[in-house]
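This report describes the fold of one protein for a reader meeting it for the first time. The description begins with a single helix and then widens to its surroundings.

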Amino acid sequence: MGINWYPGHMKKATDEIRQKLRQIDLCCEIRDARIPFASANRELAALTKGKKRIIVLNKKDMADPKETERWVQALRGNGQTALAINASKERPAKRLYEEAISLLQEKQEKRLARSIINREVRMLVYGIPNSGKSTFINALSKKRSAAVGDRPGFTKQQQWIKTDANLLLVDTPGILPKKLGETQALHLAFTGAIRDDILPLQDVGYALLTLLLRCAPEAIVSRYALSDASAEPLAVMEAIAQHTGSLLKGGEVDYTRTAQIMIDDFRKLHFGALTLERAADFAEREGNKGETI
């Protein structure tokens with residue numbers, strides 16, 4: 001299963017990024033700390049390849065802190081500049097500016113040699129929909145500069161935003177790759193990065209349950225008062241339907257409603273802070289330095 005979901009504003013935003021690249025010093029990619037691999041947009045990484053890049057794992061409060069640290073270390077070990085934040089609580093402008101200056105040291109020295117001083121660092125901020133990018137922008141600017149929404153595709157246009165850390169930001173709409181493989185599409189669906197009506201909800205819920213039974217079975221048992229989670233995923237899903245009263249007339253399981261309940265429980269952290277992708281798995285699977293993760 002693969003999907004193509006590329007609304008017109010995403011194509012327009014990609015074209016505008018291409019046009020603005022000459023004005024940009026470096027890029028900042030916002031990823032979801034729960035799915036650091038699936039939330040990467042490699043097409044935009046390729047488009048901006050000539051620019052330095054900082055990878056920010058946002059929503060770290062929703063992810064396993066130990067696994068988030070492993071991801072940061074894996075990214076750094078792969079030659080990337082990476083850090084993890086919770087944009088809804090932190091004010092990372094100074095920290096980000098210091099990282100930017102470190103990456104741009106050679107460029108800044110050339111500017112000083114030409115007597116160009118006090119020029120702000122111009123940074124393009126991009127990420128998939130619902131990665132918390134607008135919240136991140138607002139945390140940097142200390143004001144509501146970017147509109148925040150809980151649905152994918154909320155931001156529709158680019159804008160320049162000032163911060164008090166000598167950073168000038170270009171905000172962009174959330175942009176997905178043109179084509180999504182099955183695993184990436186499902187992981188994006190789990191976290192709400194793509195709309196719930198794009199993929200069959202039953203399939204998304206079943207896939208999420210199958211994954212959670214591998215990585216956090218105790219959370220499933222606890223949340224739905226199950227005797228154990230060792231049965232096949234379909235049997236566990238039916239037990240969850242019984243527990244939550246997700247039944248149709250005649251006592252048949254309402255798989256769609258059961259799936260929605262499980263997805264909502266995951267997004268609301270009722271299973272705890274979880275990371276769905278292990279850094280070690282992707283570091284071992286991929287092999288090319290600079291493009292691994």
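In helix H8, the buried residues are Leu 201, Val 204, Gly 205, Ala 207, Leu 208, Leu 209, Leu 211, Leu 212 and Leu 213. Buried denotes a relative accessible area under 20%, exposed over 50%, and partly exposed the range in between, with a 1.4 Å probe and protein chains only. The model is predicted, so local features need pLDDT of at least 70 and side-chain atom pairs count only at pLDDT 80 or more, while totals for chains, interfaces and linings use all residues. Residues are numbered from 1 along each chain as its sequence is written, and side-chain values use heavy atoms, with hydrogens and water left out.

**Helix H8 and its neighbours**

The cover over the buried residues of H8 includes H7, H9, H10 and H11. Helices (H or I, at least four residues) and strands (E, at least two) are DSSP runs, numbered from the N terminus. H8 has 15 residues, which at 1.5 Å a residue should span 21 Å, and its end C-alpha atoms are indeed 21 Å apart. The expected span is 1.5 Å times one less than the number of residues.

Two packed helices are described by the angle between their axes and the distance between the axes. The axes of H7 and H8 come within 10 Å and cross at roughly 95°. H7 is therefore roughly perpendicular to H8, a term for angles of 65 to 115 degrees. Axes are lines fitted to C-alpha atoms, for helices over the stretch in contact, and angles run from 0 to 180 degrees between N-to-C directions. On the H7 side, Leu 186, His 187, Ala 189 and Phe 190 meet Asp 203, Val 204, Ala 207, Leu 208 and Leu 211 of H8. Contact means heavy atoms within 4.5 Å.

**The nonpolar cores**

A nonpolar core is a set of buried Ala, Val, Leu, Ile, Met, Phe, Trp, Tyr and Cys residues joined through side-chain atoms within 4.5 Å. The largest such core has 49 residues, and those with the most contacts inside it are Leu 188, Phe 190, Leu 209, Ile 220, Ile 240 and Phe 271. Elements giving two or more residues to this core include H1 (8–20), strand S5 (121–127), H7 (182–191) and H8 (201–215). H8 supplies the largest share, eight residues. Leaving aside neighbours within four places in sequence, Leu 209 is in contact with Ile 220, Pro 233, Val 236, Met 237, Ile 240 and Met 262. A second, separate core of 22 residues includes Leu 26, Ala 93, Met 123 and Phe 136.

**Individual residues**

Most residues other than glycine have a negative phi. Two residues with a positive phi are listed below.

| Residue | Phi | Place |
|---|---|---|
| Asn 130 | near 65° | loop between S5 and H6 |
| Ala 225 | near 55° | loop between H9 and H10 |

Ala 225 is exposed, with a relative accessible area of 57%. Lys 162, in strand S6 (residues 159–162), is likewise exposed, at 63%. Ile 198 lies in the loop between H7 and H8 and is partly exposed, at 25%.

**The protein as a whole**

The protein has twelve helices and eight strands. Of its 293 residues, 51% count as buried. Among contacts between residues at least 6 apart in sequence, 69% join residues at least 24 apart.

Key. Parallel < 35°, antiparallel > 145°, perpendicular 65-115°, else oblique.
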